[in-house]
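Got your viewer open? Let's take a walk through this one, stop by stop, selecting as we go.

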Amino acid sequence: MILLIQMNSSHHIILIWILQNLMNSTEYQHIENLAQALIDRWLNSDWEFRWDRAKTRLGLCDFQRKTIQLSRPLAAQQNEQQMRDTLLHEIAHALAGPRAGHGKKWQAIARQIGATPQRCAEISADPEHIGARYVLKDQQGNIYKYYYRKPTRTIQRLQQSWIRGRKKQTFGQLIIEKI
Ligand SMILES: [Zn+2]
């Protein structure tokens, strides 16, 4: 940290950055403790908590690594209740399994463990797609992809596009919707 201050010419910015991180470190520890307590309560001991540096989503359930993850940079902008809700959202994914998505099974588990099962209208607030502005969906409302900028090229090709494995239901039927 000290080395950084000497090497960088914008002393103030670095110093403020360090101070902010120092001030937040007990809060981060607090969230870590909360995460561990929730994981201990709902999941088996194979699962563990991990911070990551994601910029476009708050939380993640990694089924391969068996980790429940939160974005360290985005956590600073959330209050404790939001972090708790995100953790429970991801734990519900771990319990529901990788194929459940945000479907009925996941929703039932989310409700059972005290997470808020978000509605379609709140997609942009979904911890896995925070800040997303457009979605690729079919006429039935199934969502296939999230975009953070207007997907101009995809829009041009929409009439000739389909979803692999669902060609019959989606060929020429896909739409891009602003959320
Ligand atoms: Zn989710």
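One cut-off to carry along: a residue is buried if 20 or more other C-beta atoms lie within 10 Å of its own, exposed if 12 or fewer, and partly exposed in between. Keep in mind, too, that this is a predicted model.

**Stop 1: the loop at Lys66**

Select Lys66, in the loop between strand S2 (59-62) and strand S3 (67-71). Is Lys66 buried, exposed or partly exposed? Its 16 C-beta neighbours inside 10 Å fall between the two limits, so Lys66 counts as partly exposed. Now check the backbone: Lys66 has a positive phi of about 60°, although it is not a glycine. For context, most residues other than glycine have a negative phi.

**Stop 2: the whole chain**

Zoom out and colour by secondary structure. You should find seven helices and six strands in the protein chain. Going along the sequence, the pattern reads α-α-β-β-β-α-α-α-β-β-α-α-β. Of the 179 residues, 23% are buried. If you draw the contacts with a separation of 6 or more, 41% of them join residues 24 or more positions apart.

**Stop 3: the largest nonpolar core**

This core has 21 residues, and the ones to select are Ala35, Ile68, Leu87, Leu88, Ile91 and Ala92, which touch the most other members. Helix H2 (11-42), S3, H4 and helix H5 (104-113) each supply at least two residues of the core. Which element gives the largest share? That would be H4, with seven residues.

Centre on Ile91 and show what surrounds it. Leaving out residues up to four places away in sequence, Ile91 touches Leu38, Ile39, Trp42, Leu43, Ile68 and Ile113.

**Stop 4: Met83**

Stay on H4 (residues 80-96) and pick Met83. With 21 other C-beta atoms within 10 Å, Met83 is buried. Beyond residues up to four places away in sequence, Met83 touches Ile31, Leu70, Ala75 and Gln78. Try a distance label from Met83 to Ile31: their C-alpha atoms are separated by 7.6 Å, though the two residues are 52 apart along the chain.

**Stop 5: the two faces of H5**

Next, select H5 and look along its axis. Which residues of H5 are buried? They are Trp106, Ile109 and Ala110. These three cover an arc of only 105° around the axis, which puts them on the same side of H5. The buried residues of H5 pack against H4. Swing round to the face turned away from that buried side, and you meet the exposed residues Lys104, Arg111 and Gln112. Before leaving, click on Gly114, just after H5: Gly114 takes a positive phi of about 95°.

**Stop 6: the S5-S4-S6 sheet**

Move on to the open sheet, where three strands run in the order S5-S4-S6 with antiparallel pairing. Strand S5 (143-147) and strand S6 (175-178) stand at the edges with a single partner strand each, so one side of each is left without a neighbour in the sheet. On average, neighbouring strands here are turned by 25° against each other, direction ignored.

For a closer look, select strand S4 (residues 134-137) together with S5: the two pair in the antiparallel sense over four bridges. Within this pair, Val135 stands opposite Tyr146 in S5. That's the end of the tour, so spin the model and revisit whatever caught your eye.

Technical notes. Residues numbered from 1 in each chain as written. Predicted model: local features only at pLDDT ≥ 70, side-chain atom pairs only at ≥ 80, totals over all residues. Contact = placed C-beta atoms within 7 Å. Core = buried A, V, L, I, M, F, W, Y, C linked by C-beta atoms within 7 Å. Pairing = 2+ DSSP bridges. Axes fitted to C-alpha atoms, helices over the stretch in contact; angles between N-to-C directions. Arc of directions from axis to C-beta.
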